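The following account leads the reader through a single protein chain, from individual residues to the packing of its helices. Please keep the sequence and the model in view while reading.

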Amino acid sequence: MASTETPLPARPPDDEPSDHALLAAMARDDSEAFERLVQRWRPRVVNFLASRGADPDGAQDCAQETFIRIHGYRHAYRPDAPFTAFLFTVARNALADWQRSRGRRTRHEAGPAGLEGATSRGPSPDALDHLDLAMALEGLPARLRQVVELGAVRGLPYQVVATLLGIPEGTVKSRMHTALRELRQRLGGGPPHA
């Protein structure tokens with residue numbers, strides 16, 4: 001039976017750069033550093049995802065998405081926390097997104113329950129809600145939007161968001177509170193803030 005523990009960090013050989021050194025090189029847009037990081041961690045990420053219930057193809061897809069996200073965070077990452085905590089948090093979130101997507105696809109392929117007689121071809125209410133949310137997010141100031149995108153959308157813990165953005169965890173919480181209040185207002189779900 002596969003372990004469900006977060007894999008232990010692999011100690012690179014002495015002549016190999018550390019994970020943090022590779023991330024620093026990635027922040028300078030060094031594509032070779034990214035390739036080395038992927039080669040170092042991909043097998044462990046795939047095994048981790050498989051131990052969490054992904055089938056072989058799903059584990060490969062989620063691992064690829066994990067490294068795409070890691071690459072996207074290369075300019076924001078701060079080496080204050082262990083890289084493995086960050087990596088496997090991103091992998092867990094990629095898996096959760098994949099599982100949600102797979103569940104929606106399965107429901108869509110089977111047809112929505114209770115709507116056998118429906119003939120509407122317009123966008124679903126969920127799609128419209130998603131579009132409204134995306135537009136509301138775009139309207140937020142960058143400092144608030146970043147916190148929501150990393151914390152609420154990507155599902156990263158406040159501590160990781162704080163590390164990525166280089167701000168205190170308390171500031172992340174404060175910005176998240178302000179951002180969510182703004183979003184509720186923009187989406188018509190609450191009174192304007194004072």
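**From a buried leucine to the helix pairs**

Leu137 lies in helix α5, which spans residues 125-138; helices here are DSSP runs of H or I with at least four residues, strands are runs of E with at least two, and both are numbered from the N terminus. The model is a predicted one, in which local features need pLDDT of at least 70 and side-chain atom pairs count only at pLDDT 80 or more, while totals for chains, interfaces and linings use all residues. Residues are numbered from 1 along each chain as its sequence is written, and side-chain values use heavy atoms, with hydrogens and water left out.

With a relative accessibility of 9%, Leu137 counts as buried. Buried means under 20% relative accessible area, exposed means over 50%, and partly exposed lies in between, with a 1.4 Å probe and protein chains only. Apart from neighbours within four places in sequence, Leu137 is in contact with Arg145, Val148, Val153 and Leu183, where contact means heavy atoms within 4.5 Å. Leu183 is 46 residues from Leu137 in sequence, yet their C-alpha atoms are 7.2 Å apart in space.

The setting of this residue is a protein of eight helices and zero strands. Of its 194 residues, 32% count as buried. Among contacts in the protein with a separation of 6 or more, 64% are made by residues 24 or more positions apart.

Two of the contacts of Leu137, Val148 and Val153, lead to helix α6, residues 142-153. The buried residues of α6 are Leu144, Val147, Val148, Leu150 and Gly151. An α-helix has 3.6 residues a turn, so residues three or four places apart point the same way. How do α6 and α7 pack? Helix α7 covers residues 158-165, and the two helices pack at an angle of about 135° with their axes 9 Å apart. The axes are lines fitted to C-alpha atoms, for helices over the stretch in contact, and the angles run from 0 to 180 degrees between N-to-C directions. The helices α6 and α7 are therefore oblique to each other: angles under 35 degrees count as roughly parallel, over 145 as roughly antiparallel, 65 to 115 as roughly perpendicular, and the rest as oblique.

The crossing of α6 and α7 is right-handed; a crossing has this hand if the near helix is turned clockwise from the far one by less than a right angle, and is left-handed if anticlockwise. On the α6 side, Gln146, Val147, Leu150 and Gly151 meet Val161, Leu164 and Leu165 of α7. Sorted by class, this contact has five nonpolar, two polar and no charged residues. In that scheme Ala, Val, Leu, Ile, Met, Phe, Trp, Tyr, Cys and Pro count as nonpolar, Asp, Glu, Lys and Arg as charged, and the others, Gly among them, as polar.

Gly155 follows α6 and has a positive phi, near 75°. Pro157 is in the loop between α6 and α7 and, at 37% relative accessibility, counts as partly exposed. Its C-alpha atom is separated by 9.7 Å from that of Glu169, 12 residues away along the chain. This loop is also reached from helix α4, the place of Thr89: outside its neighbours within four places in sequence, Thr89 is in contact with Leu156 and Pro157. Thr89 counts as buried at 8% relative accessibility. Its side chain reaches the backbone oxygen of Ala85 at 2.7 Å, a polar contact being a pair of N or O atoms within 3.5 Å; within protein, one must be able to donate a hydrogen and the other to accept it, and residues adjacent in sequence count only if both atoms are side-chain atoms.

A second helix pair is formed by α2 (residues 31-51) and α3, which pack at an angle of about 135° with axes 9 Å apart. Helices α2 and α3 are therefore oblique to each other, and their crossing is right-handed. The meeting residues include Phe34, Trp41 and Leu49 in α2, and Ala63, Phe67 and His71 in α3. The residues of this contact divide into 13 nonpolar, four polar and one charged.

His71 reappears beyond the helix pair, where its backbone oxygen is reached by the side chain of Arg74 at 2.8 Å. Arg74 is in the loop between α3 (56-72) and α4 (83-110) and is buried, with a relative accessible area of 17%. Not counting residues up to four places away in sequence, Arg74 touches Leu23, Met26, Ala27 and Asp29. Of these, Asp29 is in the loop between α1 (19-27) and α2. Its phi is positive, near 65°, in a residue other than glycine. Most residues other than glycine have a negative phi.
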